[in-house]
Amino acid sequence: MSVKNEKIGIFGSGLIGGSWAMIFASVGYQVQIYDIVPEQISGALKRIENELKQLEKENILRGTLTAQQQFKCITGTTDIKELVKGAAYIQECVPENIELKRKIYAQLDAILEDQTILASSTSTFLPSVLSAEMKRKSQVIIAHPVNPPYYVPLIEVVPAPWTKPEIALKTKQLLLDVGQKPVLFTREIEGFAVNRVQYAILNEVWRLVASGVLNVRDIDSVMSDGLGMRYAFLGPLETAHLNAEGWANYCDRYHQSIYDVSQTFGEIPKMEGPVVAEIAKQLEEMCPINKLPARREWRDNCLTQLSQLKKKI
Ligand code: NAI
């Protein structure tokens, strides 16, 4: 693998911006990171360099270029015009604040070039809401990663009603080229898919704890020691397909019980009041707040090993 000439802009050099930079540099794109805070850029570059070296040492660096070759692909700038100039793709990674994002999209709208795709990392805002006021709205799309994106490959690619189809297809292809797993939506929808599924799970988990059926440790175990084990390899639909003589047979056998149990789910919880404190207490017994950074490191390490296992099998 050799370095490429195409330029990728990363707008915002925090947690997610840094990960995107590493992903694009792993296959040799010329990556430029932009931030309004100069120390933020130098800090991000330092962090990226250390992380790449560490990954290389542990033999888990992505791509075939060395850590040094990859790091050489990444530069920083505080000049927005420099960032935009000649960029094939810009990944916006500023904090999740609609006013801030819209302000930035207005700035970019004035200087964006014809070929540039503007993709947002937003977890919550619909692309139509982000780009409604823009002249160049047809070049905007969502590319929503799952944290930490260096190890969790899924990207939700969500077009606005006015996003040009070729922008959506090019975004998908680019993300495939860098080794992510993009899923391309046919239309925008609140919460995209990850959060819609995640919220459905959270709602039921809340109800089971709130009604005293299971405690926090045990309900989490239902996922991490049960469902999650197979969901790391198969989705819920293929799981069902395998759990009977095919999907149609699964529906035949289980549709009535799924419907009956679903009738007992109850109200959508508001996630406020004393149950919040009760869940917090039990979670903090499992992992005190001051141990969260260490636990995140442990999680990332587990995900690294899982992603290697998935590649191997
Ligand atoms: P962060 O707070 O770590 O980084 C944001 C960066 O944007 C900082 O470096 C900040 O200096 C910079 N920034 C702020 N205002 C700016 C401006 N006007 N111009 C240029 N740069 C500016 O935030 P994080 O966690 O990286 O999130 C970024 C985006 O990614 C958000 O939209 C978030 O919803 C999304 N996301 C975050 C995930 C997570 O788990 N942290 C997961 C998936 C998506």
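**Exercise 1. Characterise the interface of domain 1 and domain 2 in this predicted model.**

*Solution.*

Step 1. Domain 1 and domain 2 together bury about 740 Å², and carbon and sulfur atoms account for 62% of that area.

Step 2. On the side of domain 1, the residues that lose the most area to domain 2 are Ile60, Pro148 and Tyr151, which together make up 53% of what that side buries.

Step 3. Sorted by class, the residues of domain 1 that touch domain 2 comprise six nonpolar, three polar and one charged.

Step 4. The rule finds zero salt bridges across this interface, but two residue pairs in polar contact, both at pLDDT 80 or more.

**Exercise 2. State the bounds of the two domains and the separation of their centres.**

*Solution.*

Step 1. According to the domain assignment, domain 1 covers 7–184 and domain 2 covers 194–312.

Step 2. Taken over C-alpha atoms, the centres of the two domains are 30 Å apart.

Step 3. Contact between them involves 10 residues of domain 1 and eight residues of domain 2.

**Exercise 3. Determine whether Thr304 is buried or exposed, and describe its surroundings.**

*Solution.*

Step 1. Thr304 belongs to helix H13, which comprises residues 292–312.

Step 2. The relative accessible area of Thr304 is 7%; the cut-off for buried is under 20%. Thr304 is therefore buried.

Step 3. A polar atom of the Thr304 side chain lies 2.6 Å from the backbone oxygen of Asp300.

Step 4. Leaving aside residues up to four places away in sequence, Thr304 touches Ile60 and Tyr151. Ile60 and Tyr151 are also among the residues of domain 1 named for losing the most area to domain 2.

Note on methods: Residues numbered from 1 in each chain as written. Predicted model: local features only at pLDDT ≥ 70, side-chain atom pairs only at ≥ 80, totals over all residues. Heavy atoms only, no water. Helix = DSSP H or I, 4+ residues; strand = E, 2+ residues; numbered from the N terminus. Buried < 20%, exposed > 50% of the residue type's maximum accessible area, 1.4 Å probe, protein only. Polar contact = N/O pair within 3.5 Å; in protein donor to acceptor, adjacent residues only side chain to side chain. Contact = heavy atoms within 4.5 Å. Domains from an automatic or database assignment. Buried area = accessible area lost by both parts, 1.4 Å probe. Salt bridge = Lys/Arg side-chain N within 4 Å of Asp/Glu carboxyl O. Nonpolar A, V, L, I, M, F, W, Y, C, P; charged D, E, K, R; others polar.
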